[in-house]
Amino acid sequence: MKILGIETSCDETAAAVVEDGRRILSSVIHTQVDLHRPYGGVVPEVASRAHVEQIQAVVDRAMSDAGVTWSDLDALAVTYGPGLATSLIVGLSFARGVALDTGLPLYLVNHLEAHLYSPFLAPDAPSLDTALPFVALVVSGGHTLLVRVAAVGSYQIIGESLDDAAGEAFDKGAKLLGLSFPGGPAIDHAAEGGDPNAIRFPRGTGRGSDAVGIKYLFSYSGLKTALRYHLRDYPDALGDPSSIANLAASYQEAIVDSLLQHVRSAVGRGGRLAVGGGVSLNRRLRQRLQEWAGREDVSLFLSPPPLCADNAGMVAGLAFHEAGRLGGAAAELADVEPGLRLDSKEESWAKITV
Ligand code: KG4
Ligand code: ZN
């Protein structure tokens with residue numbers, strides 16, 4: 001089964017063709033990062049305009065790279081949330097147009113769910129069925145989630161952030177350090193050769209309530225404030241490359257430590273953990289997870305680097321596992337869901353099919 005996936009939830013215009021939920025025949029990502037850099041963040045209006053300009057070329061390229069025509073495809077898939085409404089709507093409208101034109105069924109995909117399954121698109125990963133059940137860590141620019149995954153579509157959120165997401169913490173920290181946008185890769189790079197123990201920044205973790213089911217809480221606003229105060233007290237640090245390296249490494253360590261702390265409790269010895277989302281590109285996070293998994297006999301499924309940040313391979317890959325749950329006429333009536341949660345899909349689907 002060959003599926004064309006389309007992803008436009010934020011600032012990447014992406015399309016991919018994936019066979020049987022596993023084999024990536026093509027994956028094209030047009031990043032808008034240069035357009036947003038002068039503003040130090042993603043500007044929704046700029047993003048949606050760029051999606052409109054790029055989407056046709058990106059889809060054409062994904063089709064030609066995969067060597068397929070419309071008649072070779074079995075279905076279409078598109079991200080319908082969460083994300084920026086004005087960005088999501090470009091992908092959904094385009095996909096709906098193609099569905100009407102070709103008669104192919106259109107599957108709607110939750111962006112967070114796609115990140116969650118991206119590790120299983122790695123050529124050496126086990127099949128999804130044999131890996132279930134597992135705990136997933138989804139770390140991106142908008143979310144920090146720990147999730148118990150019993151089956152495709154069955155999610156229990158056991159950890160989340162009270163304020164900023166881990167990726168946001170990287171982005172805001174980089175801004176304070178005078179590093180370029182996006183901040184995650186900039187801090188990852190600036191931390192090279194720095195001492196992660198040079199400055200002890202606060203670890204943003206707390207215990208939630210068992211009654212509401214969210215046991216593991218993250219919080220990054222205090223970390224950002226601690227960096228701001230540090231720079232106020234030591235203003236010369238920004239002029240010195242070795243101080244910047246130490247600050248970047250220490251700040252990064254605080255985020256990685258907080259993630260590891262809850263992951264360790266949630267997964268336990270001999271457990272299974274899948275990790276996806278843009279922050280899972282972070283080299284220190286990957287290294288610390290791998291060391292811990294080796295020590296604790298944990299089966300670790302890390303998203304392969306090309307599938308960590310936003311891409312359409314994960315959208316088409318997930319749709320294969322969901323095929324049949326929603327398509328055709330229902331998708332024609334669907335709207336974008338900018339605030340979609342990982343555990344709110346059934347609810348929003350019910351709304352669509354009424
Ligand atoms: O998953 P993603 O591409 O988009 C969202 O769904 O949000 O994640 C983007 C986030 C940004 O905050 C970016 O700074 C972060 O991922 N990121 C990283 C790295 N590469 C991207 N964070 C830490 N280290 C990296 N190497
Ligand atoms: Zn994402």
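Guide: Before we look at the binding site, one convention is needed: Ala, Val, Leu, Ile, Met, Phe, Trp, Tyr, Cys and Pro count as nonpolar, Asp, Glu, Lys and Arg as charged, and the others, Gly among them, as polar. Please also keep in mind that this is a predicted model.

Visitor: With that convention, how many nonpolar, polar and charged residues does the shell around ligand 1 have?

Guide: By class, the shell is made up of five nonpolar, ten polar and three charged residues. In total, 18 residues surround ligand 1, and the closest are Gly-141, Asp-171, Gly-184, Asp-188 and Gly-278.

Visitor: Which atoms of the protein lie opposite oxygen atoms of ligand 1?

Guide: A polar contact is a pair of N or O atoms within 3.5 Å, and that cut-off is the one to hold against the distances here. His-115 places a polar side-chain atom 3.1 Å from an oxygen atom of ligand 1, whereas Gly-184 comes to 3.0 Å from a ligand oxygen through a backbone N or O atom. Asp-310 also uses a backbone N or O atom, at 3.1 Å from an oxygen atom of the ligand.

Visitor: How much of the accessible area of ligand 1 does the protein cover?

Guide: Ligand 1 has 560 Å² of accessible area on its own, and the protein covers 87% of it.

Visitor: Where does ligand 1 sit, and which elements give two or more residues to the shell around it?

Guide: Ligand 1 sits in the largest pocket. The elements that give two or more residues to its shell are α4 (111-117), α6 (166-176) and α7 (183-190).

Visitor: I see Glu-192 in the loop between α7 and β9 (205-209); is Glu-192 buried, exposed or partly exposed?

Guide: For such a reading, buried means under 20% relative accessible area and exposed over 50%, with partly exposed in between. Glu-192 has a relative accessible area of 45%, so it is partly exposed. As for its place in the fold, the C-alpha atoms of Glu-192 and Val-78 are separated by 37 Å, with these positions 114 residues apart along the chain.

Visitor: Which peptide bonds are cis?

Guide: Two cases can be followed in the model, and in both the value to read is omega. The peptide bond from Gly-81 to Pro-82 is cis, with omega near -10°, and Pro-82 belongs to the loop between β4 (75-81) and α3 (85-102). The bond from Leu-132 to Pro-133 is cis as well, with omega near -10°, and Pro-133 is found in the loop between α5 (128-131) and β6 (134-139).

Visitor: Which residues other than glycine have a positive phi?

Guide: Asp-20 is one of them, with phi near 50°, and it lies in the loop between β2 (12-19) and β3 (23-31). Asp-297 is another, with phi near 60°, and its place is the loop between α10 (283-296) and β12 (299-302).

Visitor: Why does Asp-20 count as partly exposed, and why does Asp-297 count as exposed?

Guide: Asp-20 counts as partly exposed because its relative accessibility is 39%, while Asp-297 is exposed because its relative accessible area is 54%.

Visitor: To end with a strand, is Asn-110 in β5 (residues 106-110) buried or exposed?

Guide: Asn-110 is at 0% relative accessibility and therefore counts as buried. Its C-alpha atom is separated by 41 Å from that of Pro-241, a residue 131 residues apart from Asn-110 along the chain.

Key: Residues numbered from 1 in each chain as written. Chains lettered and ligands numbered in written order. Predicted model: local features only at pLDDT ≥ 70, side-chain atom pairs only at ≥ 80, totals over all residues. Heavy atoms only, no water. Near = heavy atom within 4 Å. Polar contact = N/O pair within 3.5 Å; in protein donor to acceptor, adjacent residues only side chain to side chain. Areas by Shrake-Rupley, 256 points an atom, 1.4 Å probe, with all protein chains shown as cover. 1 Å grid on protein atoms, 1.4 Å probe; cavity = no way out; pocket = protein on both sides within 12 Å on 5 of 7 lines; lining within 4 Å. Sits in = over half its atoms within 2 Å of the grid points. Helix = DSSP H or I, 4+ residues; strand = E, 2+ residues; numbered from the N terminus. Buried < 20%, exposed > 50% of the residue type's maximum accessible area, 1.4 Å probe, protein only.
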